[in-house]
Structure formats: C-alpha cells, structure tokens
Amino acid sequence: MTLREQLAKAFHDTGSFKWDHTNGFKLASGEISPFYVDCRALMAHPEARRLVAQLAYDALVGVEFDCLGGLEIGAIPIAVTISDFACAASRPKLWRTFVVRKQAKDHGLGKLIEGSIRPGDRVVIVDDVLTSGGSLLKAVGAARDAGLQVDHALVIVDRQEQDGKARIEKERIHLRSLLTIQDLMDVTRKPS
C-alpha cells in the first residue's frame, strides 16, 4: 500500500471522513456536500500526522522556501508537523513556521501573523481542506501584505468542489494536494 493509500485509509480508520448521500453536510460556505472531511480529528493521531508529514515533505522537498504556515487553527498542526519531520529527515530542511490569525490581536503588538517570518521570505501556505479556497486565499493575502513571497500552497485534501483549485491557481499559486476526495472515496470502495 502506498503512503497516499495509507493516509486515505487513516481518514477512514480515525472516522475523519464521512460520506452521506442522503442528507450531506453543511460546509462553511453554506453549501451542502455529501462529504465531510475532518483533518483536525485526523491530525490528533500520531500515525496519521507522520503520513501527512512524509507526504508533504516529499511534495515540497524540491521547492525553495523559507517557512510555511496558514490560517489559524487548522494550519498550526500541519505546519509544525511538516517542519518537525523536515528537520529530522535524512536531508534536513529547516523550515520555520507561522500562523495567520483570523484577526489581528487587540493587545500586545497587535500582530496578524505570529511565528518566525521575515519580509521577503518565500513561504508555502498550508491548509487542511480545499473547497472554495476562501481560507487559503485569506492566508495568502495576509502573507503577501506582510511582505512575504507566496507562490506555493499545500492542502491535505482537495475536495474538488466549488472551483477551489482554479481560484488558487488564478492567484499564481502552485497548489499541491496530498489527497483528493476521489482518493477517499476509492478507499471506501475497496474491500478491506
């Protein structure tokens, strides 16, 4: 079984993927989808985190960048997991991490972005699930406003709905996804 198949199976084993043709699930956009993908639940499992980290490292190792991060809270465990794996890899990469707040703090330094960034850094924006691309584009906008160079993004699952990938690529961002909704459906159809 490939790493991608193992990760797709982990979604099922952890109850992080649900498929309901009858009632479906309400998405953040208000749309109804027959699929529910819960990467927060998935990332609560160490073996699943290891698979995400390995696949993301393999997808990003050839990309030149300084740090990775995305919108709170979903991107935090993803960025940290990938960064930790990259640091420990046989060819270590020292990818710093950051998080984009949904709104700037109203105290302290009033930052919208927390973590280790420097103007001009090349960054990869990470997110858990891509549907319309709204949360990913919000993180891209904040990063670019902070003087960061954003040309790449990575998601765990591309739902292949609401033209999310096209919206991201329209912003001149190369998108990588570890899995698609089709990968998750295919594992459901295969006998155990």
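How many positive and negative side chains does the protein chain have, and how far apart do the centres of the two sets lie? There are 26 positive and 25 negative ones, and the two centres sit 2 Å apart. Keep in mind that this is a predicted model.

**Figure 1. The whole protein chain, with its seven helices and ten strands.** The radius of gyration is 16 Å, close to the 16 Å that the globule rule gives for 192 residues, so the chain is as compact as a globular protein of that length. Laid along its principal axes, the C-alpha trace spans about 50 × 40 × 30 Å. Buried residues account for 45% of the 192 residues. Take the contacts between residues at least 6 apart in sequence: 66% of them join residues at least 24 apart. On the outside, the chain exposes about 9,800 Å², and carbon and sulfur atoms supply 50% of that.

**Figure 2. Arg 159, a buried residue in a loop.** Look for this arginine between β9 (149–158) and α6 (164–170). Is Arg 159 buried or exposed? Its relative accessibility is 3%, and the cut-off for buried is under 20%, so Arg 159 counts as buried. The side chain has polar partners here: it reaches the backbone oxygen of Phe 35 at 3.0 Å, and it also makes a polar contact with the side chain of Thr 131 at 3.3 Å. Phe 35 and Thr 131 turn up again in the list of residues that Arg 159 touches, once residues up to four places away in sequence are set aside. That list also includes Leu 27, Ser 33, Tyr 36 and Val 37, along with Val 129, Leu 130 and Ile 181.

**Figure 3. Asp 183 in helix α7.** The helix runs over residues 181–189. At 17% relative accessibility, Asp 183 counts as buried, given that the cut-off is under 20%. What does the side chain of Asp 183 reach at 2.8 Å? The partner is the backbone nitrogen of Thr 180. Leaving out neighbours within four places in sequence, Asp 183 is in contact with Arg 4 and Ala 8.

**Figure 4. Glu 72, a partly exposed loop residue.** This glutamate sits between β5 (67–71) and α4 (75–88). Its relative accessible area is 24%, so Glu 72 is classed as partly exposed. Which residues does Glu 72 touch, not counting those up to four places away in sequence? They are Val 99, Val 100, Arg 101 and Lys 102. If you bring Val 52 into the view as well, it is 20 residues away from Glu 72 in sequence and 18 Å away in space, C-alpha to C-alpha.

**Figure 5. Cys 39, a buried residue in helix α2.** The helix covers residues 39–42. With a relative accessibility of 2%, Cys 39 counts as buried. What surrounds this cysteine? Setting aside neighbours within four places in sequence, Cys 39 is in contact with Phe 11, Asp 128, Val 129 and Ile 156. Val 129 may look familiar, as it is also one of the residues that Arg 159 touches. Pro 77 lies 38 residues from Cys 39 along the chain, and their C-alpha atoms are separated by 9.9 Å.

Definitions and conventions:
Residues are numbered from 1 along each chain as its sequence is written. This is a predicted model: local features need pLDDT of at least 70, side-chain atom pairs count only at pLDDT 80 or more; totals for chains, interfaces and linings use all residues. Side-chain values use heavy atoms; hydrogens and water are left out. Helices (H or I, at least four residues) and strands (E, at least two) are DSSP runs, numbered from the N terminus. The radius of gyration is taken over C-alpha atoms; the globule rule is 2.2 Å times the number of residues to the power 0.38. Buried means under 20% relative accessible area, exposed over 50%, partly exposed in between (1.4 Å probe, protein chains only). Contact means heavy atoms within 4.5 Å. Accessible areas come from the Shrake-Rupley method with a 1.4 Å probe; for residues, only the protein chains shown count as cover. Lys and Arg count as positive and Asp and Glu as negative; His and the chain ends are not counted. The place of a charge is taken as NZ of Lys, CZ of Arg, CG of Asp or CD of Glu. A polar contact is a pair of N or O atoms within 3.5 Å; within protein, one must be able to donate a hydrogen and the other to accept it, and residues adjacent in sequence count only if both atoms are side-chain atoms.
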